[in-house]
Structure formats: C-alpha cells, structure tokens
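Work through the exercises below with the coordinates open. Each task is followed by a solution in steps.

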Amino acid sequence: MTQTTIPKPQKPWSTSLAQRLATAGVLAIALVLAGAAVELTGLSGKLGFAAAYFFFASLLIFVQQLRLRDLAAAKDSLLSSFAFLAMTLTLIPIVSIVSTVFLKGYKGIHFGMFTNDMTLASVNDPVTSGGLIHALIGTLIMVGGALIVSFPIGLLTALYLTEIRGNLARPIKFLVQAMSGVPSIVAGLFILSILVIPITQELTGLMGSLALSILMIPTIARTAEEMLLLIPNDLREAGVALGATQWRTVSGVVVPAAKSGLVTAVILGIARIIGETAPILLVSGGADALNFNPTSGPMGSLPFYIWKAFLTGGTEEAYARAWGGMLILLILIMVLFGLARYLSGRKAS
Amino acid sequence: MAPTENSNNENNMEKKMQTTTPSSLASVAGNREQRVPGTNLLGTGLETRGVHAWFGTKHVLSDVSLDFAAGTVTALIGPSGCGKSTYLRTLNRMHEFIPTAALAGEVLLDGQDIYAPGTDVTKIRLRVGMVFQKPNPFPSMTIGENVLSGLKLAQLKKSNTDELLESCLVRAGLWSEVKDRLGEHGGALSGGQQQRLCIARALAVEPQVLLMDEPCSALDPGSTFRIEETISELAKSMTIVIVTHNMQQAARVSDYTAFFLSDGGPGIMVETAPTSKIFSSPTDKRTEDYVTGRFG
C-alpha cells in the first residue's frame, strides 16, 4: 500500500497577511489625515474626527481597490464602507445607553434594594436606605398577568388568521395592525374609563395588567401570525392526511413546529410593555409599598419607580435610585430574553 | 444494514435500470407478477364515477371513471398539468384542502361515496393514507414519534405501540437504518430515509388504500429503488395508487396504468389497462406517443 501524504488544510481564499497589512496601512493613513483635517480645518471634536476618518478611509480604500483590481471592486468596497458606517451608527445609541445605565446605575445598587420598599425612605435619605422590591415584584406581577391574558388571545387570533382564514381574517388583520399603533396612554385611559371609574373604583395591579394587555395582544398576534405563516403547508397537509382534525393538526403539528417563533412573539410582547409607564401611572397607582395582591390596592412598577425618583427627587440620592432602577430594569429584560432564547433553542438542536 | 445486502440491492437496481429503456418498458411490465382483482380481502377497493375537479372557475379534470381493485398497484402517468395529482387528491378528500377547490362525481370506497353528506372526512383519510411528493416528517417530533404521530393526531388507542413502530418501519424498509436512533429528529435523516419515514407514518394508522403523489421525484436512484421495493411489499396488504412522471417506475411497480392528458383544457383519462398492455400495445394513439417518448 502506498503512503499518501495528506496535505495541510488551507484556506486559499482568505485574506493574506500582506493584504491585511496594506488595509491596516490605509486605515492608519486615514487616521492621520483625519487628525490633520481636525487640526487644520473648521472640523472639530470627536464627531468631526469620526466624519473625517470615515471620509478618508472609504476614499483611500476605494482608490486602493481601483489600483489593485478594477472599478467594480472599488464600488464594492464603497458599499462595504457605507454598510460599516450604518452598522456603527446603529450601535452607538445602544452601546451608549447600556454603558450609561451601567456606569451611573451601579452606584444605586445595594443588597437592601431587593429586600426593602420605599415606604420608610424619603428622597433625602442615603441610597442604601429603602429599595425597589415593591417595584420589581409589581412589574413581574403585572407583566406576568398581561402575558397570561395576552398570549392565549394573541395566539388564537394568529391561528384564526393563518389556519381558519375565515371571512373576517382581512378586517381583523387590519385592526390588529392598527391596534399595534395605539399609544400606551390611550390604553391606560381606556381601562380607566371602562373599568376603573365605573366599576372597580380602585387602582390595582390587575388594571395595570389589563392596560398592558391591550398593548401586548397586537404584538403577540402579529408576530405569531408571521411565525405560523413560515410553517410549510406540507406539514398541515401531512397532518390532515393522517386523519387528524384541523384542531389536532394545529395543536399537534403546526404549533409545536412554530414553538421557537412563538417564544419570539412572547419576547417581543414583553419587550413592548415592560418599560411602559403611562398606563401604569393611570390605573395601577404606583405604590411605594410592597403589594403582592393584584386585585387590591395600588402596585408599584420599575418604570414608575424610575419616573418618581426623577420627578420628585432633585437630590443626588434620588437620581442614584433612578439610575439603579434603570439598571435593574435593563438586567431584568436581558435575563428574560436570555431565558426565552434558552427555552426555545433547547429542543431545536 | 449488512454490507452484502447493500451491494445486492445495488446490483438489482442496476439490472433494473439497464432494462428500462423506453423500448423495453413492456418487457419490464411483463416481468411483474400479475395480480387478479378482488382476490384480496381488504375491502372491495376504490372506484370513481365521473369525477370532475375545478380550482375556482378553472376546470382542471373532466369525467374520470376508474376502478382500483383491492390489493392492486395502479400508476397514474401523464405529462405535467394533466390533473393526475388533482385526481389523486380527490381520492382521500385532500382536494378540498385548497380553498377554491370544487368537485363533481362520486368516489366509492367499499361501495360508499366518500363525499356523501354526513361522511366523517377524518375517517376517510384514516382509511385512505397519503404520501407526498416532498418528504415532510414533522420537525418537532423524533423518528419514533413521527411514525406513531397518526395515532396521536387521530386519537386512536393502540396497545403495544413498540411493536407497531417496529412493524411499520420494517414494512417501509427503514428499520435497520434507524432502529438505534429512534430518539433523533426526523430532519437528521437523508431525503430518501425521510420519505420512507413518511411511508411508515402513513402505515401506522393501517390504511386500506395508500395514495402516493410522485413519492420518488425528489430522491436519488438508490432511494427510489428502496421505495419501489417497499411498494411491491406493501401491495400484498393494501391498494396502492401512485402518480409518477417516471414511466420506468410505472412499468416496474404497477399492475395497472392509467394515462392522463390535457390538451390545454381540463385533464382527461385517456386510457387504462394492465400495465404490460399500456406499454406494449396501447389502444389509443396518444398513449402510444407518450409511452414511446414521442412527446411529454
């Protein structure tokens, strides 16, 4: 048997070191030129420098590609430059918000905030007194309540639109789309005027949940509809051809196949409402005391906690509380998203 | 699967492939053991009387009357767009799954019209199973769950599902390949294996008729051969109707062949006869032109 030598695996298509160095050189020159432009011309500041750098970098890469290759490649590089610019512009606010909240918020974080509420602390007390457990619990209860109301309604609406496709499908689709543009204050006022004032005459967490549901249902229904439309018709036919009723096919085949998409619908629904302040303000009261009962008495929430700390505060301690509350809200959202992604991805592999 | 068995299969397949040039289709069809209608105890078969079909106002199928005797394999052949798939879907009421669909005529299963008012459509589909052109295993289920999904979906009570699972996979010719990986997802299988999984799934609810809509058109020759073997095996216990674009396949697997054609208007059934006759001495000129490859 002859010995075959196995060649070393290579990637002949990847960029060579020389090319990388050339690109790095071009970018370095652009950096110098941008520095010079800021010194010598009317441009100034970080923004001016960034604009000049982008201008010189894309220009130099364009020229380099034109010399090394051809016009088509040069145009290609120009498109890449603009795509990179757009990506950066998108990233800046996100990174800025997250970093600001972290940098300002960590000062407001202390262990006691998860055990205390604000009944005994005032704006002038040190940050370590009081806490936001009432707001955290309130947010979880109200969002959970809204989810319990919205998910079945949203999913069934989506099933009506995609599976039953009744005569009302078109107008309902239009209404759901229109409903997703309802301002949150309107949702709050709606619950206030049809439930709170005429019937319950009490601001409670349940009313907050219902107001949030009005905002959440269209988001869940629309996303779930899109996810269900992605399920190939073959699977519905296969289910029905096995002697299943439509309901069994939907519950046994279509919905399980769309599971990860439906989790996305829930994530987007939660994302839509978790930071809502206006409806909470109107119908759930926004208490400083911990309240586990959504059917009785006012209930706090994180957005309300932040709003109150900023509005009634004016002291350094109050601002620290507000930023701390924002950080907790941000972390809560991240945890929920991570959890949802984990749950939806677990069985798919 | 043992390596020797594998190579045997390939040899067989090559032999069959070689003998199936259009001119020798008739001899291939002649090789198949002729089954006599009505010798099987599985009901009296399926008949259609003057079936027409529409999509919206478009008349796609005109006046098709055909008998499928119990325990036979019938191939429906014809050029694309001649209505043979539409016709197949009228046989288990999948036609009505398309919102604009309409129908006239009778489809009799054991003498009962499956379109008669008050007929439970899900019961009909349990008795007349279907395998689709594209393999479509349920993505959220494992291989084992896929096979038994019909029981769950139709809410049939079965004891001893393990035995049923094995027997369905054996009959579909897939058992030896998947017996150690029943817990994996169906998507992990190759296209040909997925199609055999879909056949096993259709078998689990024990239909008396199995409809196959171009079951091999998305598959390679090796998988096609395995499925044709499966069809021959299944024909012992059920009635099979298969739509195919592949005339060699029709010649290899079927007892009877029906030729469909559309001249721009609705599709019609031109001729039906024992398969060997269709490929050796068809009555109609158009059938002869088609099976000898002069058009289509």
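**Exercise 1. Burial of a strand**

Task: Determine how many residues of strand β7 (residues 209–213) of chain B are buried.

Solution. The model is predicted. Count C-beta atoms within 10 Å of each residue's own; 20 or more others means buried. Five of the five residues of β7(B) pass, so the strand is largely enclosed by the rest of the structure. Next, sort the residues by direction. In a regular strand the side chains alternate between the two faces of the sheet. B:Val209, B:Leu211 and B:Asp213 point one way, B:Leu210 and B:Met212 the other way, and all are buried.

**Exercise 2. Neighbours of the strand**

Task: Find which strands are joined to β7(B) by bridges, and in which direction they run.

Solution. Start with β6 (residues 128–131) of chain B. Four bridges join β6(B) to β7(B), and the two run parallel. B:Met130 stands opposite B:Leu211. B:Val131 has B:Met212 as its bridge partner in β7(B).

Now take β8 (residues 239–243) of chain B. Five bridges join β7(B) to β8(B), again with a parallel run. Here B:Met212 is paired with B:Ile242.

Last, trace the connection. Helix α9 (residues 221–234) of chain B completes a β-α-β unit with β7(B) and β8(B), and the unit is right-handed.

**Exercise 3. The whole sheet**

Task: Write down the strand order of the six-stranded sheet in chain B, and say which strands stand at its edges.

Solution. The order is β6-β7-β8-β3-β9-β10 in chain B; the sheet is open and its pairing is mixed. The edges are β6 and β10 (268–274) of chain B. Each has a single partner strand, so one side of each is left without a neighbour in the sheet. From one strand to the next, the twist averages 20°. Helix α8 (residues 191–204) of chain B packs on the sheet and touches β6 and β7 of chain B. The direction of α8(B) makes about 170° with that of β6(B).

**Exercise 4. Nonpolar cores**

Task: Give the number of residues in the largest nonpolar core, and name those with the most contacts inside it.

Solution. The core has 149 residues, and B:Ala200 and B:Ile240 have the most contacts inside it. Helix α7 (residues 205–229) of chain A gives the largest share, 14 residues. Another core, of six residues, lies apart from this one; A:Ala34, A:Ala52, A:Phe56 and A:Ile61 are among them.

Then list the contacts of B:Ile240, leaving aside neighbours within four places in sequence. They are B:Val73, B:Leu210, B:Met212, B:Ile231, B:Leu234 and B:Ala235.

**Exercise 5. The chain A side of the interface**

Task: Count the residues in contact between chains A and B, and break down the chain A side.

Solution. In chain A, 18 residues are in contact with 21 residues of chain B. Two elements of chain A give two or more residues to this side: α8 (233–241) and α9 (246–257). The largest share, seven residues, comes from α8(A). By class, the chain A side has nine nonpolar, five polar and four charged residues.

**Exercise 6. Positive phi**

Task: Is A:Gln201 buried or exposed? Ask where B:Asp110 is found, too.

Solution. A:Gln201 has a positive phi of about 50° although it is not a glycine. A:Gln201 is in the loop between α6 (184–200) and α7 of chain A. With 8 other C-beta atoms within 10 Å, A:Gln201 is exposed.

B:Asp110 has a positive phi near 50°. The loop between β4 (101–109) and β5 (112–113) of chain B holds B:Asp110. Its count is 15 other C-beta atoms within 10 Å, so B:Asp110 is partly exposed.

Conventions:
Residues are numbered from 1 along each chain as its sequence is written. Chains are lettered from A and ligands numbered from 1 in the order in which they are written. This is a predicted model: local features need pLDDT of at least 70, side-chain atom pairs count only at pLDDT 80 or more; totals for chains, interfaces and linings use all residues. Two residues are in contact if their C-beta atoms, placed from the backbone, lie within 7 Å. Ala, Val, Leu, Ile, Met, Phe, Trp, Tyr, Cys and Pro count as nonpolar, Asp, Glu, Lys and Arg as charged, and the others, Gly among them, as polar. A residue is buried if 20 or more other C-beta atoms lie within 10 Å of its own, exposed if 12 or fewer, and partly exposed in between; C-beta atoms are placed from the backbone. Two strands pair if DSSP finds at least two bridges between them. A crossover is right-handed if, with the strands pointing away from the viewer, the path from the first strand over the helix to the second runs clockwise. A nonpolar core is a set of buried Ala, Val, Leu, Ile, Met, Phe, Trp, Tyr and Cys residues joined through C-beta atoms within 7 Å. Axes are lines fitted to C-alpha atoms, for helices over the stretch in contact, and angles run from 0 to 180 degrees between N-to-C directions.
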